[in-house]
Every structure is written in structure tokens, then in C-alpha cells.
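Hi everyone, thanks for coming. Let's take a few minutes to walk through a structure together, one piece at a time.

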Amino acid sequence: MSKNTKPDSDVRVDKWLWAARFYKTRAIARGMIQSGKIRYNDQRTKPSKTVELGATITIRQGFDEKEVIVKQLSAQRRGAPEAATLYEETPNSVEKRAQNDVARKLNTLYNPCPDKRPDKKQRRELLRIKNH
């Protein structure tokens with residue numbers, strides 16, 4: 001081991017999230033942690049926090065919220081199959097994301113998108129309905 005490499009036992013949260021391929025760059029991972037989108041063992045954290053095996057990390061990405069358990073530590077970004085071995089998503093998280101996905105799909109049925117823009121007469125009717 002050279003002087004510049006650290007042992008895998010001292011991996012920062014931002015580096016682990018980058019290595020596990022949740023974010024494309026460490027800078028993005030760092031920004032998400034600082035904005036509160038990442039929770040480490042149900043608490044806000046700093047990017048420099050050391051990751052421990054068995055820790056629970058909650059990650060909000062878009063509309064979804066993933067809860068993962070740290071299985072392995074790695075400070076290097078590798079291929080997607082190897083990155084998937086670093087964590088395990090909880091069954092509760094998988095179920096909740098599936099329910100939210102179904103709810104979003106059902107919601108689009110109630111808010112259909114029109115095929116084209118409304119013409120002048122249709123816009124006036126819409127405005128009249130909204131204002132009354």
C-alpha cells in the first residue's frame with residue numbers, strides 16, 4: 001500500500017456514495033449531503049463522516065427515497081455490478097418505492113395531457129371555469 005492510499009476502513013460518506021454509484025461525482029454527493037438529502041442512521045451528517053458496516057443510509061433522489069444498509073466499504077468507483085455489492089436496500093424501502101411508483105402512474109390518469117394546445121375559444125372557457 002502506498003502513502004497516498006487510505007485503508008478501506010476509513011471511507012467518507014461522500015466518497016462511499018460516489019463509489020456505490022448513487023451520484024456521478026463526489027461534488028454532487030457532497031452537495032446532497034450538505035443540503036440534507038442524505039441521512040446517516042436517521043440523522044443529518046457531514047460529508048466527512050466515516051462510514052461503518054451495517055449503518056443505514058437514507059437517500060432521497062427525485063420523488064424516491066431509498067433506505068440502504070452498508071454491506072461493504074470501498075473508496076474506489078468500480079463497475080455497477082461491483083457497486084451493487086456495497087449495499088443492500090431494505091425490503092420496506094423497496095415496497096414503499098413500488099407503492100409510490102404505482103401512485104404516480106395512477107395520478108397521471110387523472111391529469112391527462114392534451115394532444116395539442118387549446119385554441120383561443122378553449123382558453124377563454126378554461127379561464128372562465130378557473131375564475132368562477
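Before anything else, please keep in mind that this is a predicted model.

Let's begin out on the surface, with Leu106. You'll find Leu106 in helix α4, which covers residues 91-110. Is Leu106 buried, partly exposed or exposed? Its relative accessible area is 46%, and the cut-off for exposed is over 50%, so Leu106 counts as partly exposed. Leu106 also has company: together with Val102, Leu109 and Tyr110, it makes a nonpolar surface patch of about 480 Å².

Staying with helix α4, let's look at some charges. Side chains of opposite charge can pair when their charged atoms come close. How many salt bridges does the model have? The count comes to 7. One of them joins Asp101 and Lys105, whose closest N and O atoms are 3.7 Å apart. These two residues are 4 apart in helix α4, which means that about one helical turn separates them. Asp101 is partly exposed at 32% relative accessible area, while Lys105 is exposed at 54%. And the pair is part of something wider: salt bridges with shared partners link Asp64, Asp101, Arg104 and Lys105 into one network.

Another salt bridge is formed by Glu89 and Arg97, with 2.8 Å between the closest N and O atoms. Arg97 is partly exposed, at 23% relative accessibility.

Now let's move to the other end of the chain, to Asp14. This residue sits in helix α1, residues 13-19. Buried or exposed, what would you guess for Asp14? It counts as buried, because its relative accessibility is 2% and buried means under 20%. Which residues does Asp14 touch, if we leave aside its neighbours within four places in sequence? The contacts are Arg26, Ala29, Arg30, Ile33 and Pro47.

Pick out Arg26 from that list. The side chains of Arg26 and Asp14 form a salt bridge, at 3.6 Å from N to O. Arg26 belongs to helix α2, residues 26-34, and Asp14 to helix α1, so this pair ties together parts that are 12 residues apart in sequence. The two partners differ in their surroundings: Arg26 is partly exposed at 32% relative accessibility, whereas Asp14 is buried.

Next, the rings. A pair of aromatic rings is described by the distance of the centres and the angle of the planes. Searching the whole structure gives 3 aromatic pairs. In one of them, Trp16 and Phe22 are tilted, with 6.2 Å from centre to centre and 35° between the planes. Trp16 is buried, with a relative accessible area of 0%, and Phe22 is buried too, at 8%.

Trp16 has another ring partner, Tyr87. Why is that pair called edge-to-face? The planes stand at 75°, and the edge-to-face label applies at over 60 degrees; the ring centres are 6.4 Å apart. Since Trp16 is in helix α1 and Tyr87 is in strand β5, residues 87-89, the pair ties together parts that are 71 residues apart in sequence. Tyr87 counts as partly exposed, at 23% relative accessibility. Put the three residues together, and Trp16, Phe22 and Tyr87 form one aromatic cluster.

Tyr87 leads us nicely to the sheet. In what order do the strands lie? This open sheet of 5 strands runs β2-β1-β3-β4-β5, with antiparallel pairing. At the edges are β2 (43-44) and β5, each with a single partner strand, so one side of each has no neighbour in the sheet.

For β5, let's look at its pairing with β4, residues 64-70: these two are antiparallel, over 3 bridges. Glu88 in β5 is the bridge partner of Ile69, and Tyr87 in β5 is the bridge partner of Val70. So Tyr87 turns up twice in our tour: in the aromatic cluster and in this strand pairing.

Strand β4 is also joined to β3, residues 56-61, by 6 bridges, and those strands run antiparallel. Here Ile59 stands opposite Lys66 in β4. The hairpin of β3 and β4 has 2 residues between the strands, and in it Gly62 takes a positive phi near 65°.

That's my tour. Try finding Trp16 on your own screen, and follow its ring to Tyr87 in strand β5. Thanks for listening!

Note on methods:
Residues are numbered from 1 along each chain as its sequence is written. This is a predicted model: local features need pLDDT of at least 70, side-chain atom pairs count only at pLDDT 80 or more; totals for chains, interfaces and linings use all residues. Side-chain values use heavy atoms; hydrogens and water are left out. Buried means under 20% relative accessible area, exposed over 50%, partly exposed in between (1.4 Å probe, protein chains only). Contact means heavy atoms within 4.5 Å. Patches are made of residues with over 30% relative accessible area and no salt bridge: like charges are joined within 9 Å, nonpolar side chains (Val, Leu, Ile, Met, Phe, Trp, Tyr) within 5 Å. Accessible areas come from the Shrake-Rupley method with a 1.4 Å probe; for residues, only the protein chains shown count as cover. A salt bridge is a side-chain nitrogen of Lys or Arg within 4 Å of a carboxyl oxygen of Asp or Glu. Rings of Phe, Tyr and Trp (its six-membered ring) pair if their centres lie within 6.5 Å; planes under 30 degrees apart count as stacked, over 60 as edge-to-face and the rest as tilted. Two strands pair if DSSP finds at least two bridges between them.
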